[in-house]
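Here's a quick tour of the model, with the cut-offs spelled out as we go. Have a look at the fold first.

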Amino acid sequence: MIHFFESRRASLLGGAAVAALALGAAAPAYAETQVPAGQEGQPGAETEAEGSIVVTGFRAALASAARQKQTSDLIVESVSAEDIGKLPDNSIAESIARLPGLTAQRLDGRAQVISIRGFAPDFSTTLLNGREQVTTGDNRGVEFDQYPSEVLNQVLVYKTPNASLIGQGLSGTVDLRTIRPLAYGRQVLSVNARGEYVDLGKLNAGSKDRGYRVSATWVDQFANDTIGVSIGVARLDSPTQIERFNAWGYPDVAANGPAVIGGSKPYVVSNRLVRTGVVGTLEWQAAPAFTMVIDGYYSKFEDEQILRGIELPLFWSAAQLQPGFTAQDGLVTAGTFNGVKGVVRNDANRRDADIYSVGWNGRYSAEGWTATGDISFSRVDREDLILETYAGTGRGNLGATDNMGFTMTPRGAVFRPSLNYADPNLIRLTSPQGWGGDIDGPGGRILGGQDGYYNERSVRDELVALRASIERELGGPFRSVELGFNYTTRDKQLTPNEFFLGLRGNTDGTTSVPIPQNALLQPTNLAFLGLGPMVSYDPLTLLNSGIYNLVRNPNSDVSTKGWSVSEDVMTFWTMLNISADIGATQLTGNVGAQVVFTDQSSAGTASSGAPAVLAADVRGGDEYTKVLPSLNLSLRIPGGWVARLGAARQMARPRLDEMRASSNFGFNQQLAVTGGLPFSGSGGNPRLRPWVADAVDVSLEKYFGGEGYLALSLFYKDLKSYIYEQVQPYDFTGFPVPSGVTLQPFQFQGFLTVPANGDGGTMKGAELSGTLPFRVFTTWLDGFGLTGSVSYTDTNVSPQPDAPPEDLPGYSKWVGNLTAYFERAGFSIRGSARHRSSFIGELRGFGGGNERRRAAAETVIDAQVSYEFQQGSMLQGLTILGQVNNITDEPFVTFADDDRRRVIDHQSYGRRYLLGVSYRFR
């Protein structure tokens with residue numbers, strides 16, 4: 001079915017694109033809207049000329065994107081706001097995910113991280129107004145739900161770099177742009193408000209199924225248009241409800257026997273995201289030759305999540321699979337487990353993040369010289385809380401067990417319990433499985449297993465950048481020459497803080513405590529998986545009541561999760577800009593190179609044992625230089641044709657958590673005594689070098705009818721290096737040894753499993769994209785159109801040395817999107833679908849770290865309808881709109897062993913309905 005969809009989609013897009021190409025040359029000559037000087041790339045800047053066709057709204061955004069693509073010397077994709085404060089999608093990530101060769105991974109129902117051309121988010125870089133930004137995640141990949149779409153005016157995605165593009169990624173570079181008030185050139189105040197509703201309802205007591213988003217943007221010019229000001233504010237309070245099945249895995253029942261579910265952790269999840277974003281710009285043309293800009297951005301991001309469910313240890317526990325089960329094609333599809341001891345979970349997750357970004361830019365241009373200076377600062381402060389609390393029928397072997405029937409379905413297992421998990425007389429606060437056993441740690445002792453877990457993670461990320469460049473105009477085919485310098489210093493650190501929860505008064509390891517009556521809430525219904533209602537309470541209220549002792553986790557794997565990484569990067573570049581007439585054609589482009597000097601270091605902890613008995617602070621780092629040449633050529637041919645060639649050496653810096661100095665090591669005292677090598681372990685690698693690839697891109701493009709275009713792009717990347725987990729010799733000199741043990745110098749040599757640079761591989765692909773306005777067929781169809789793309793990518797990279805090639809994280813072989821639209825006389829109607837084939841997704845795993853799992857193909861369908869009151873109406877400037885996201889309730893699904901029936905995650909988000917208004921004061 002997936003292949004059928006992909007082939008039909010490719011045929012549809014291809015057919016539409018071929019028709020557009022055939023008709024583009026034969027269609028009547030439509031005059032394109034003209035853009036006043038200095039307003040290029042500003043949506044809504046079109047002015048009506050005699051005989052022109054003036055488009056607004058979504059069609060104006062498409063025309064702006066086509067113009068940006070046509071006039072650029074790089075291979076670039078873009079999305080522009082339909083109007084001030086109105087990007088065409090519900091979030092900036094969804095807008096970006098519709099661009100050719102790009103796709104998004106959903107988290108908690110939101111499109112959050114972006115993959116470009118089959119590479120994971122860490123292979124790309126995100127800029128804000130051309131400046132590299134810090135990130136709220138643990139690594140370099142930007143989580144785009146941190147940026148309100150309402151305060152952004154345009155997004156550019158550079159698929160090929162030039163020498164002046166600082167912070168470029170290996171797969172591409174995303175540049176988020178805010179408005180420049182002098183270039184915009186008009187006064188405007190725009191306000192927007194939307195209410196939203198999620199149709200799964202209130203799955204948890206006290207949760208919400210309704211939310212809102214409001215925004216306002218003001219742009220004005222003063223002092224004879226030499227001073228420009230813009231301010232944008234966006235506030236979002238958005239709920240998400242999720243029905244989630246999760247499986248531990250699928251072990252074999254016996255040798256050569258069928259696989260069976262090993263355990264399950266189903267939840268209903270209620271999210272509430274509250275985000276406030278503020279952006280401001282002050283632009284001053286101090287003299288005809290000198291302009292400076294100060295801009296700033298601030299975001300307050302609060303994400304609260306309640307998770308309630310029943311964790312069911314099954315085959316991987318004392319429970320017994322009963323004879324008479326049903327198996328089909330190597331999987332037990334129905335059966336019964338006796339002796340199941342369920343763990344009733346009432347958990348809470350919180351994230352609180354503040355993003356700060358400010359920059360100053362000055363530009364002087366006169367007599368053929370242009371000098372530019374730029375200073376910027378950005379910072380993230382993030383606090384995470386992951387709280388688990390447990391309840392059940394009794395501690396450890398005490399209490400009733402369940403005889404649990406199950407049947408496997410496409411959304412996971414559906415269960416048939418024999419116990420009433422909503423009975424507060426049966427279900428009590430306790431440690432049903434005795435996880436952790438007896439625990440001794442700083443601050444106390446827990447007997448008979450932990451009753452919950454408290455995990456705090458703090459992240460601070462800070463970046464300062466200085467940039468200067470000078471450009472001199474030349475004569476002849478080389479239009480100008482540029483020289484530049486950029487210095488960036490970045491410091492990022494992660495600090496873990498983890499505790500076991502133990503009930504007060506549990507002095508003998510057998511205690512279970514009734515749930516306090518004042519903490520009980522309305523039962524949560526797990527009927528979607530057959531489990532029925534369960535006991536519910538507020539875990540944060542219980543925690544704050546003092547019912548638990550917090551005992552610090554003393555194990556070495558906790559302390560080694562912490563790290564800090566520092567980078568100082570100096571980049572020098574030179575670039576020749578090309579502009580030459582060759583007969584009736586024009587050749588433009590650039591050729592240049594960057595020289596990048598990097599000094600990186602990391603500090604962390606090396607520790608051993610559970611609890612840790614050996615620990616020491618460790619540091620490491622390295623310096624290296626990379627030369628990154630680049631070439632971009634665009635041949636502009638009469639009739640709206642453009643042919644492009646891009647060639648470059650591209651680089652992506654390693655993941656920050658893989659650069660950590662921290663390591664978790666073991667010490668074999670017997671080997672130490674007998675003269676062997678006692679050290680071994682695993683950790684990060686502060687000497688890690690970047691991913692590097694040599695890339696070639698070619699593109700053939702045809703532009704027609706104002707907003708119409710067709711583009712076919714081919715790319716090839718030869719990865720000169722890749723990063724793998726490898727066992728390498730390691731010098732443990734300086735690591736602690738047990739008291740009384742003396743080692744010879746050679747005994748400090750050992751082996752450490754670390755990320756390391758190794759051989760690469762290849763990635764290649766093709767992208768077909770276009771916009772087809774139906775007016776090229778007949779004026780009767782003016783306002784109707786299609787826009788979309790289909791991309792195919794093939795990879796040949798081995799994640800392990802000498803291993804068969806495997807898919808990279810974020811890689812989908814097929815990516816496609818299609819939007820059908822009608823926009824005319826104030827009415828705007830469009831439906832959109834975006835599809836990606838199966839891929840390796842990155843999800844939050846145990847302890848807040850990342851886990852990689854195979855995700856199923858998905859197709860997400862959205863629709864929107866709006867009406868803008870026209871000129872002359874009493875309500876001119878008012879727009880009303882309705883929107884539906886995820887119309888088909890497409891789930892996010894991961895599975896094991898390439899068997900779609902072995903569901904690991906199945907998350908249903910339901911549909912999201914939005915109804916809103918916007919008003920533009922002129």
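## Fold, cores and salt bridges

The protein has 7 helices and 48 strands, taken as DSSP runs numbered from the N terminus (helices are H or I with at least four residues, strands E with at least two). It's a predicted model, so local features need pLDDT of at least 70 and side-chain atom pairs count only at pLDDT 80 or more, while totals for chains, interfaces and linings use all residues. Residues are numbered from 1 along each chain as its sequence is written, and side-chain values use heavy atoms, with hydrogens and water left out.

On overall shape, the C-alpha trace spans about 90 × 70 × 55 Å along its principal axes. Buried residues (under 20% relative accessible area; exposed is over 50%, partly exposed in between, with a 1.4 Å probe and protein chains only) make up 57% of the 922 residues.

Now the inside. A nonpolar core here is a set of buried Ala, Val, Leu, Ile, Met, Phe, Trp, Tyr and Cys residues joined through side-chain atoms within 4.5 Å. The largest one has 55 residues, and Phe245, Tyr250, Ile261, Phe337, Phe406, Phe415 and Leu429 have the most contacts inside it. Strand 16 (residues 331-340) gives the largest share of this core, 4 residues. Apart from it lies another core of 29 residues, Ile96, Leu102, Phe144 and Val380 among them.

Which parts do the salt bridges join? A search of the whole structure turns up 60 of them, each a side-chain nitrogen of Lys or Arg within 4 Å of a carboxyl oxygen of Asp or Glu. Here are three:

| Pair | Closest N to O distance |
|---|---|
| Asp303 and Arg110 | 3.6 Å |
| Glu567 and Arg140 | 2.6 Å |
| Arg902 and Asp897 | 3.2 Å |

Asp303 sits in strand 13 (residues 290-313) and Arg110 in strand 3 (residues 110-116), so this pair ties together parts 193 residues apart in sequence. Both Asp303 and Arg110 are buried. Glu567, in strand 29 (residues 563-582), and Arg140, in the loop between strand 5 (131-132) and strand 6 (154-158), are 427 residues apart; Glu567 and Arg140 are buried as well. With the third pair, Arg902 is buried at 14% relative accessible area, whereas Asp897 counts as exposed at 56%.

There's also a salt-bridge network, which links Lys69, Glu77, Arg117, Lys159, Asp697 and Glu767.
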